Each structure stands twice: as structure tokens, then as C-alpha cells.
Amino acid sequence: MKDGFVKVACATPSVRVADCTYNSDRIKDLVRQACSEGVNLLVLPRLCVTGSTCKDLFFHETLICRAWKSALDIASAVPRNMLVVFGCPVEYSGRLYCADIFATGGKIIGIVPDTELSYTERRFFSCEWNRCGTVTVSDLKIPMGNLVFACSDIEDLKISCSFGNNSNVTVSCRAEEERAGSSAALIKRITAKSEEFGCTVICANAGEGESTTDFVFAGDNVICENGVCLARQRHSSDSLLVIETDLQILRRVKREHAFSDVGSDDADVVFFDMEMCETILTRKFAQSPFIPQSRSSCDRMCEDVLGIQARGLKSRLQCSHSKTAVIGLSGGLDSTLALLVTLRSAEMLGWENDRVICVTMPCFGTSERTKNNAVQMALTLGCKLLTVDISAAVKQHFSDIGHDFAEIDAVYENSQARERTQVLMDIANKYGGLVVGTGDLSELALGWATYNGDHMSMYGVNAGVPKTLVRQLVTYCAQKSDNLSLKNVLLSVVDTPVSPELVPGSQETENIVGPYELHDFFLWYFLKWGFSPSKILRLARYTFCEKYDGEIIEKWLRVFIRRFFAQQFKRSCLPDGPAVLDMSLSPRAGFIMPSDSSDAEWISELDSFLDNR
């Protein structure tokens with residue numbers, strides 16, 4: 001449960017209809033298995049103590065009494081550090097209820113009657129319920145009603161059978177028959193509910209052993225978290241579906257959004273104990289969280305992003321009455337994407353491609369590979385190509401300010417970036433155009449841009465796109481292209497190491513500030529979820545364990561934190577640019593932070609974690 005992780009599970013025990021002894025034995029087997037796997041919350045199907053298809057047998061005293069004894073027997077097998085939820089018929093005040101039993105520490109701590117029953121179920125069970133009541137067993141009063149189960153030791157762990165109720169985990173004990181397409185519909189429904197209420201939903205369904213007189217039950221089990229299906233299984237009996245849910249994500253979601261707490265005024269809170277311990281992770285985390293895992297989803301996202309970028313630029317070109325669009329084309333990833341987006345905008349405006357002006361500006365560190373890629377790309381796409389060698393202008397600038405050409409420092413590098421920006425701005429004035437910015441979201445997060453150099457443009461189309469997604473977008477455009485020459489040059493750009501090419505020889509960005517795949521991973525969890533440095537480090541070590549040493553990951557995480565805070569002043573005066581994801585670093589509509597904020601608390605939290613390992 002450290003870092004907000006709680007190991008949860010659901011399962012479908014095999015049942016014999018109306019055989020409570022057999023059924024309780026299978027349930028206790030699952031409890032023991034869950035205990036051995038460190039599960040904190042186990043959810044089982046509706047009426048699994050008796051079987052959900054007993055029909056008129058539910059009216060028999062023998063079955064009702066045996067079911068309650070079995071429920072007490074199951075509860076006695078539940079350890080203190082686990083909460084188990086299972087379905088059982090319960091008689092109260094002369095009425096029979098289809099109830100969910102909550103048990104921990106060897107006892108039943110609460111009973112929640114299900115009041116949302118089908119027409120057939122209402123033949124056997126009452127759907128009427130007053131606000132609260134108690135069932136007395138051996139002088140122990142057990143609360144019964146609309147309840148929320150809150151962990152005394154873990155503030156964020158609040159469990160309910162109903163959506164809302166100020167809970168962040170909803171358990172769903174079900175007995176839904178299988179129909180054609182029902183599995184996909186269930187996942188869609190549960191996923192949508194988890195997103196609507198910003199919670200985790202654990203759904204356990206009846207399965208093998210239920211009567212097949214009229215229906216078949218599939219044991220369709222699903223665990224969803226805030227609109228994401230974490231795990232699912234079908235046609236499986238007596239096996240656990242186990243995953244970790246992240247309560248810190250749910251806390252962040254509820255903090256940022258107003259979710260409906262329907263029923264919270266009517267719910268009573270039942271507290272239970274559960275020791276805080278470290279949860280062993282089995283859940284998978286994407287190394288590239290900005291990129292969808294499936295090919296079809298990734299392609300759809302690429303089209304969406306390219307469309308948003310292009311429509312944003314199209315509108316700006318129209319509003320500014322621009323006759324051309326000007327791009328500094330380096331032959332690198334960012335400027336390549338900016339060009340592809342600009343050409344989409346030009347097509348929307350009905351422009352010929354030669355109204356897009358590509359400017360190459362070779363200087364001291366420009367490589368033949370990137371220069372050739374830029375030239376070939378511009379010519380292949382039919383753009384107007386201008387080459388302006390800025391070497392002499394930069395040397396003259398060095399002379400003007402008294403800088404030694406042999407001294408390769410920030411002046412040496414930034415003078416080139418600022419000269420290039422001046423050239424682009426003046427060419428845009430000359431041709432009645434607008435300078436299209438190329439810097440991406442990852443560079444903005446790290447401040448990897450020359451202030452008033454490549455930091456500045458008239459519209460930054462890539463400002464909302466992280467570097468890993470930039471690479472994916474260029475790859476997508478290459479794969480879609482029918483032009484073999486263009487496809488080859490785009491793939492060459494993708495394979496070229498990221499570099500500012502400001503000094504002679506090799507100058508790879510990722511050797512200086514760190515791998516972008518790590519920084520994008522850090523950015524995702526820092527910006528989207530607000531995780532602590534120690535939790536981000538834990539997730540990164542777990543996710544990249546086969547690729548990077550733990551100390552290397554720690555090194556680059558420190559770089560990320562320090563640069564993110566220190567470079568905010570560059571983000572405070574960014575040019576306009578479209579947000580394409582649900583996060584942004586724009587000072588107007590994205591992440592807003594004072595430029596003089598301190599990183600001390602974040603670094604201290606990381607140091608404290610490392611000192612106490």
C-alpha cells in the first residue's frame with residue numbers, strides 16, 4: 001500500500017447450486033490464495049455462498065440458515081490485512097435480501113443489501129430498505145444498509161457498493177448471464193463508470209456451476225481504474241484476477257474534478273483496520289505513456305494530433321493574413337514534424353506547397369546528414385527552399401562583442417540559435433509570412449531551448465507534443481506516404497540522434513540532458529498525476545529495469561526536477577501553440593507556476609526516500 005498502491009482481486013469460485021458447504025470451501029480456498037499473493041481487497045460474485053440460480057429454494061429455511069452459517073465460517077477465515085466481499089442471502093426483519101457481505105479480521109463488519117434488482121429477482125428478494133439497521137449475531141451487532149467502508153490506516157481507501165458515496169473503490173458483486181456481445185458491453189459499461197466517478201471498479205461475476213436451465217454464466221471479471229481497464233478474465237473458475245490499483249491517481253482525479261457523490265448523505269461509515277505495507281507491483285506501466293499501446297489506437301491518436309496542430313496553424317495563418325509560412329528546417333525530428341503539419345495547413349487553405357518556405361541555416365556544427373535530409377525533404381515536398389549560411393554573421397557577432405571564437409561555451413552555442421531566429425523573422429517579414437515554431441513539450445519541460453532563440457516563434461505547432469510522440473508522428477507519416485523518396489528521408493530523420501548541432505563533432509542531446517524516453521516518463525507522472533519524486537523513481541526503476549541502471553534513472557530524475565523548476569521563466573513567455581493532449585505547459589491554459597519557485601521540497605523528498613531505503 002506504499003505510494004498509494006493497493007493490491008485488489010476478484011474471482012469466480014466454482015459453485016454447486018444450493019450446496020453452501022461446498023461453496024464456502026471454494027471461497028475459503030480463494031481467500032487463502034489471495035492472502036498468499038498479498039491481496040488487500042478480494043471481491044467475489046453475487047450470492048456465491050448459495051449460487052445465484054437457486055430460485056424458489058431461496059424461500060427454504062434450510063438454505064437461508066445454512067447460508068448464514070457459511071457466511072460466518074468464511075468470515076472466520078479472512079485475515080486482518082484483507083477485506084473480502086462476497087454475496088449471500090440475508091434475512092432481516094422478516095424480509096430476504098440479496099446482500100454483499102464485508103468481512104475482515106475473522107468477522108463480518110457490514111452487510112449491504114442490493115436494492116437494484118431485476119424483475120425476476122424481486123420474486124425472491126426485497127428491494128426496499130430503510131437507511132440503516134443492524135443484524136445481531138452472538139451479541140455482535142453488524143451494521144446493515146447503505147455503507148461505506150473506510151480504512152483507518154489508509155486515508156484514501158474507501159470502499160462502497162454504490163457509485164459516489166464519497167468512495168474511491170466500488171465493488172460490484174454480479175450474477176449476469178452471458179449473451180453474445182455481453183462481455184464487451186460489460187467492459188465498456190464498467191470502464192465508463194470508473195471514469196465518470198473517478199474510481200476503481202472491481203467486478204466479479206457468477207460463472208461455472210450455476211444452473212444452465214435458462215442461462216449460461218461466463219464468470220466475466222473486470223477491474224477498471226479511472227476509465228482504464230486494468231485487467232479482465234472470462235470463463236475462469238477458482239483463479240484470481242489480481243492487479244494493483246493506485247489510490248493516489250484517484251485522489252488526484254477527485255481533487256481536480258467535481259464528481260457526483262450520489263447517496264453520500266444516506267451512507268454510514270464503517271471503519272476497519274489494515275496495516276500499511278509495501279505492495280509488490282505486478283501491474284505494467286508503459287515505457288512511453290504518451291503513446292497508445294495498440295497500433296489502431298496509436299494511428300487514431302496520430303491523426304488526431306496532426307489534425308489539431310494543422311487546424312490551429314491554419315486559423316493563425318488566416319487571422320494574421322499571412323501569405324507564407326516560414327520554417328527553419330534542420331533535418332531533425334521537431335522541424336520535420338512542423339513542416340509536415342504546415343503542409344497540412346497549407347492544403348486546408350488551398351495553398352500551393354511553395355508558399356511554405358523552408359530555410360536551412362548551416363553553421364559550425366551542422367552535419368552533412370541533417371543538411372542533406374532537410375534539402376531533400378523540402379525539394380521532395382515542393383516547398384520553397386532557402387539556404388542561409390550563418391557562419392560569417394555569427395563570427396562577426398563574436399567580434400562585435402569581443403568573444404573568442406575558440407571558446408566553445410553558451411555564447412558560442414546560443415549566438416547561433418539567436419542568429420537563426422533573427423534570419424527566420426526577417427525572411428517572414430520579407431515574404432509576408434509567419435514563423436512556425438518547432439520546439440516540443442519535452443524541450444519546454446527541460447528548458448532545452450535558447451531564450452529568444454529557438455524558444456521564440458510566431459506560432460509553436462509542437463508546443464504540446466512530447467519528444468517520444470514527435471518521433472511516433474514522423475514515423476506514422478513515413479509509413480503512410482506513397483512517395484518512396486519522402487518515406488526514406490523521413491525514416492532517416494527518425495533514425496538520426498537528437499542533436500542541436502551547435503558545436504563541431506558529435507553533440508547528442510540525450511548524452512547531455514538524458515534520454516527523452518525517461519524524461520517523458522517523468523513528465524507524464526509529474527505533470528499529469530502530480531506524483532512525488534520517490535514514487536516516480538520507483539515506477540521508472542520498475543518499468544525500465546532491463547534498460548537502465550537504477551542509479552542512472554535517479555541521476556536523470558534529479559536533472560529533470562532541477563531543470564523543470566529552474567527553466568520555468570522560459571515557459572512563462574511562450575508563443576501561442578495548440579494543446580493536443582490533456583496536459584500542457586502553456587502559461588495561459590496549461591501548467592501555471594511562478595518562475596522563481598524552489599525545487600527544494602522535491603529534491604528533499606527524493607533524498608529522504610533514498611536515505612531510508
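Buried residues are those with under 20% relative accessible area, exposed residues have over 50%, and partly exposed residues fall in between (1.4 Å probe, protein chains only). By this definition nine of the 11 residues of helix H15 (residues 533-543) are buried, so H15 is largely enclosed by the rest of the structure. The model is predicted: local features need pLDDT of at least 70, side-chain atom pairs count only at pLDDT 80 or more, and totals for chains, interfaces and linings use all residues. Residues are numbered from 1 along each chain as its sequence is written, and side-chain values use heavy atoms, with hydrogens and water left out.

**Overall architecture**

- The chain has 18 helices and 20 strands; helices (H or I, at least four residues) and strands (E, at least two) are DSSP runs, numbered from the N terminus.
- Along the principal axes, the C-alpha atoms of the chain fill a box of roughly 100 × 55 × 40 Å.
- Of the 613 residues of the chain, 55% count as buried.
- Among contacts in the chain with a separation of 6 or more, 73% come from residues 24 or more positions apart, where contact means heavy atoms within 4.5 Å.

**Surface and charge**

- About 26,100 Å² of the chain is exposed, and carbon and sulfur atoms supply 49% of that area; accessible areas come from the Shrake-Rupley method with a 1.4 Å probe, and for residues only the protein chains shown count as cover.
- There are 63 positive and 77 negative side chains, and the centres of the two sets lie 3 Å apart.
- In this count Lys and Arg are positive and Asp and Glu negative, while His and the chain ends are not counted; the place of a charge is taken as NZ of Lys, CZ of Arg, CG of Asp or CD of Glu.

**Helix H15 and its surroundings**

- The buried residues of H15 are Pro533, Ser534, Lys535, Ile536, Leu537, Arg538, Leu539, Ala540 and Thr543.
- These buried residues pack against two strands, S1 (5-11) and S14 (240-246), and against helices H4 (247-256), H14 (516-528), H16 (550-566) and H18 (600-611).

**Strand S3 and its partners**

- Eight of the 10 residues of strand S3 (residues 83-92) are buried, so S3 is largely enclosed by the rest of the structure.
- Strand S2 (residues 41-43) runs parallel to S3 and is joined to it by three bridges; two strands pair if DSSP finds at least two bridges between them.
- Within this parallel pairing, Val43 has Val85 of S3 as its bridge partner.
- On S3, nine bridges also give an antiparallel pairing with strand S4 (residues 95-104), in which Tyr92 is partnered by Arg95 of S4.
- S3 and S4 form a hairpin with two residues between them.

**Positive phi outside glycine**

- Ser93 has a positive phi of about 50° although it is not a glycine; Ser93 lies in the loop between S3 and S4 and, at 66% relative accessibility, counts as exposed.
- Asn452, likewise not a glycine, has a positive phi of about 60°.
- The position of Asn452 is the loop between helix H10 (441-446) and strand S20 (459-460), and Asn452 counts as partly exposed at 45% relative accessibility.

**Cysteines**

- The structure holds zero disulfides, a disulfide being a pair of cysteine sulfur atoms within 2.5 Å.
- For Cys298, the closest cysteine sulfur is that of Cys302, at 4.3 Å, which is too far for a bond.
- Cys298 is buried with a relative accessible area of 6%, and Cys302 is buried with a relative accessible area of 0%.
- Cys35 lies in helix H1 (residues 20-36) and, at 41% relative accessibility, is partly exposed.
- Leaving aside neighbours within four places in sequence, Cys35 is in contact with Pro79 and Met82.
- The C-alpha atoms of Cys35 and Asn81 are separated by 8.5 Å, with their positions 46 residues apart along the chain counted as their separation.

**Leu333 in helix H6**

- Leu333 lies in helix H6 (residues 333-349) and is buried at 6% relative accessibility.
- Apart from neighbours within four places in sequence, Leu333 is in contact with Val470, Arg471, Val474, Val493, Val494 and Val498.
- The C-alpha atoms of Leu333 and Ser492 are separated by 9.9 Å, and the two residues are 159 residues apart along the chain.
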